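Grab a viewer and a notebook: here is a set of short exercises, each with a worked solution. Try each task before you read on.

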Amino acid sequence: MAGWLLRRIGQIIPTLLILSFGIFALQQLMPGDPALILAGEDRGDPVVLAQIRAELMLDRPMWEQYLHWLSRVLVGDFGFSWRIREPVGALILDKLPVTAQLATMSFIIGVVIGVPAGVMSAVWKDKPADWGINAIALFGISMPNFWLGIMMILLFSVQLGWLPPSGYVPLWEDPVQSLATTIMPAFVLGTGVASVLMRHTRAAMLGALTQDYVRTARAKGVAERTVIARHALRNALVPVVTLGTIEFGRLLAGAVLTEQIFSIPGFGKLVVDAVFNRDYPVVQGVVLATALIFVALSLLADILYMLINPRLRNA
Amino acid sequence: MLKKTLLATVLALSAGVADAQNLRIGLREDPDILDPTLARTFVGRIVFSALCDKLFDINERLEIVPQLAESHRWEDNNRTLRLTIRPNLRFHDGEVLDAEAVRYSLNRHLTMQGSFRRAEINVIESIEVVDARTVLIKLREASAPFLSRLTDRAGMLVSPRAAEALGRNFGTRPVCAGPFRFTERVAQDRIVLDRFDGYWNAQNIHVNRVTFLPIPDSTVRLANLQSGALEMVQTIDPDDVPAVRRNNRLRVSMSDELGFQSIQFNVGNGARAQSPIGQDARVRQAFELSIDRAAINQVVYEGMFTPSAQPFPPASPFHLRDFRPEPRNIERARALLREAGVRTPLQVDLTVPNNPDLRQVGEVIQAMAREAGFDVRLNAMEFASSLQAATRGEFEAYLIAWSGRADPDGNIYTFLNSRAPNNDGRYSNPDVDRLLDAARLESDVAKRRDIYARIMEIAVRQDRARIYLWHRRNIVAHTARLTGFAPVADGLIRIQGMRLN
């Protein structure tokens, strides 16, 4: 197990290196000169534009810019935002807890609704409850986040005045206010996750319920509840965990539209603004951090497989 | 009991951190760096108007009025500006704001690497300190627009001590001499400023704290205002105005902006200029005659913007009253195309920044121009990409806006001078160049206006270098509890005189 873990971690380093070069190369393909974007309406002074290009190394070959960036990243310096001059590392550390809180809340909402709904739907296959759950799930997947978000704002903030329409208060500053600002976006994101998890849990459960070991358990007279929870669900959870970690990673990468609608200052909003403003160091830093989160989560999923399914430990 | 507790909790939640003395203003985007020398966004200027006072300001009639300056006098045939600043001025860090600080700030604008202010005031030859309150600013040549440049970021003064200590990171903790001092900034979330007790005009400041919150979605911005989470929003969409007017707890305030919306033609920038519309002014005139500005404005903007054929807004003393848009005339447009000998339908590529209202404007233009014989192909591009394409000459016609400047020079020179950087279509006419330079030297308003009228006749009526479409409006909405807001055409929010009741 330890050797396997080390091998898996060893694979992560080249992945991140290739990825970091990929981000860098792709950014060069983006149209729009960052110096011109930075200057905006004040692009009138060629001397200043040249100064900006020199300061940001935009006048150097791409490989030189990349090596310079990489050498700084290796010592923990992600550079600074060209637009607001804040260090990128600090921005990432600032936004990560915000997105982590939102992602965790959304994920909990998604799991709490999605997994039981999937199990119930599989157990009551082709019955009215199954149709109803499927219809709700389809609705959850199809409904655009921005529409649901705006509708919730209009209902809960403007009409009822129960919740703040947007913004964010850190959990450690004021837990009640923090929950009040994040519950609507978390619900918007959570319903999407719940729908996906429900559909996959249902499919996995339907597969598991037809397996020989389930038939054997039932033949042995094991209670139906135990058959479902202990035998079927535990096996069905392997693909659901994979999907769950991917969904969680997606949430951590930043729920772009939802963060934009609710003005949540998280990863998604940071990276979108950075792309539009051609703030390359921020884009690079955030994408690299996101990639790191993704590989860590995929490692976590592998570890979870082993804990859930002992047969994999010897594979 | 439970009901009461629930109600109390809900009320506490919805009230949030509201404070009667905290003025919360929703901005449409997060400002860039808060350093007057390096900043360039419009929303940044709104924050600066609470944070950094300028030597001069403009009033509702676009007249230049003193702010940190107390008085000024032109000497040496308008080549030297003698400037006296107010007595007992202090920066937020307690440093004395004297003539030496004026020289320091202007020099910083002129010499700092990457300064966006350099081009605005590089007519300065030298700055001399006469005494603690007086400076002499010597110019290389007389410049009519110079004083107005000091009404914006180029006229903002920064604390020399803080600027030296923080260097290029000054914008992360700016220290100026405005009514509010910098407290904190959480990128993309909020900028918080607190009342500065040492402000020279403190008796006119009636709120203790200003919080700027960037909220990009206009529906959500308005929802924040409606629910009481904001006291003011920088701008709302024209189609939201009726809803705000119906709400007796809200107020809306509108003023024509300083800038304009226009269509720029590529008449001389690379291969794309070699199109019939790039080479023949009659084709461009036909294009203009096929457009009904008022109808577009009605369809897309609820008729709230002001149709125009010039870059000078109605509030400006340089507005040319007799220079009006030509009415739509399809017959004349067709005749002009026949005269020009082009085969119809004539294909024209119109580059449009990819946002909903401008795309809609493009679609209406497309439909209108079709009747005259144009086949308009819309090229919707993300703004940054469209800007670069325009600079490289990769366009035929480009729908582009300008936020506007108080002095007319800032609305015209950079677009119509043959060597100017915003003249992406490379329009060039020596007569226009000569007149633009002459207008810069003319300090008499009436004479200068006449020069601009001649420029409009040549560049717009004769050469058809650009079609000016309309002046947008600054639409500010706020709670009825807020009084004393005086809109100015520059769209900035001046907190002096505002009260939260």
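From the N terminus on, the elements of chain A run α-α-α-α-α-α-α-α-α-α-α-α-α. Before you start, note that this is a predicted model, where local features need pLDDT of at least 70, side-chain atom pairs count only at pLDDT 80 or more, and totals for chains, interfaces and linings use all residues. Residues are numbered from 1 along each chain as its sequence is written, while chains are lettered from A and ligands numbered from 1 in the order in which they are written.

**Exercise 1. Describe the overall make-up of chain A.**

Step 1: count the elements. Chain A has 13 helices and zero strands; helices (H or I, at least four residues) and strands (E, at least two) are DSSP runs, numbered from the N terminus.

Step 2: box it in. Along the principal axes, the C-alpha atoms of chain A fill roughly 85 × 60 × 35 Å.

Step 3: check burial. Of the 315 residues in chain A, 41% are buried. A residue is buried if 20 or more other C-beta atoms, placed from the backbone, lie within 10 Å of its own, exposed if 12 or fewer, and partly exposed in between.

Step 4: look at contact range. Among contacts in chain A with a separation of 6 or more, 70% link residues 24 or more positions apart. Two residues are in contact if their C-beta atoms, placed from the backbone, lie within 7 Å.

**Exercise 2. Work out how H7(A) packs on H8(A).**

Step 1: get the geometry. The axes of H7(A) and H8(A) come within 10 Å and cross at roughly 145°. Axes here are lines fitted to C-alpha atoms, for helices over the stretch in contact, with angles from 0 to 180 degrees between N-to-C directions.

Step 2: list the residues. H7(A) brings A:Asn145, A:Leu148, A:Gly149, A:Met152, A:Ile153 and A:Phe156, and H8(A) brings A:Met184, A:Pro185, A:Val188 and A:Gly192.

Step 3: sort them by class. You should get seven nonpolar, three polar and no charged residues. The nonpolar class is Ala, Val, Leu, Ile, Met, Phe, Trp, Tyr, Cys and Pro; Asp, Glu, Lys and Arg are charged, and the others, Gly among them, are polar.

**Exercise 3. Does helix H9 (residues 212–219) of chain A lie largely in the open or under cover, and why?**

Step 1: count buried residues. Zero of the eight residues of H9(A) are buried, so this helix lies largely in the open.

Step 2: move just past its end. There, A:Gly221 takes a positive phi of about 90°.

**Exercise 4. Map the contact between the chains.**

Step 1: count both sides. Chain A puts in 47 residues and chain B 45 residues.

Step 2: find the top contributor in chain A. That's H7(A), which gives the most to the side touching chain B, with five residues.

Step 3: split that side by class. The side of chain A that touches chain B has 23 nonpolar, eleven polar and 13 charged residues.

**Exercise 5. Trace the strand pairing in chain B.**

Step 1: lay out the open sheet. Its seven strands follow the order E8-E9-E10-E1-E11-E19-E12 (chain B), with mixed pairing. Strand E8 (180–186) and E12 of chain B stand at the edges with a single partner strand each, so one side of each has no neighbour in the sheet. Strands pair if DSSP finds at least two bridges between them.

Step 2: zoom in on one pair. Strand E1 (residues 22–27) and strand E10 (residues 209–214) of chain B are parallel, with six bridges. B:Arg24 stands opposite B:Thr211 in E10(B).

Step 3: turn to strand E17 (residues 397–402) of chain B, where five of the six residues are buried. Strand E13 (residues 260–265) of chain B runs antiparallel to E17(B), joined by six bridges, and B:Ile263 has B:Leu399 as its bridge partner in E17(B). Strand E15 (residues 346–353) of chain B pairs with E17(B) in the parallel sense over two bridges.

**Exercise 6. Place B:Leu258 and find its core.**

Step 1: locate B:Leu258. It sits in the loop between strand E12 (250–256) and E13 of chain B.

Step 2: test burial. B:Leu258 is buried because 28 other C-beta atoms lie within 10 Å.

Step 3: compare cores. A nonpolar core is a set of buried Ala, Val, Leu, Ile, Met, Phe, Trp, Tyr and Cys residues joined through C-beta atoms within 7 Å. The largest has 207 residues, and B:Leu51 and B:Leu416 have the most contacts inside it. Apart from that one lies another core, of six residues, among them B:Ile58, B:Leu62, B:Leu258 and B:Ala489.
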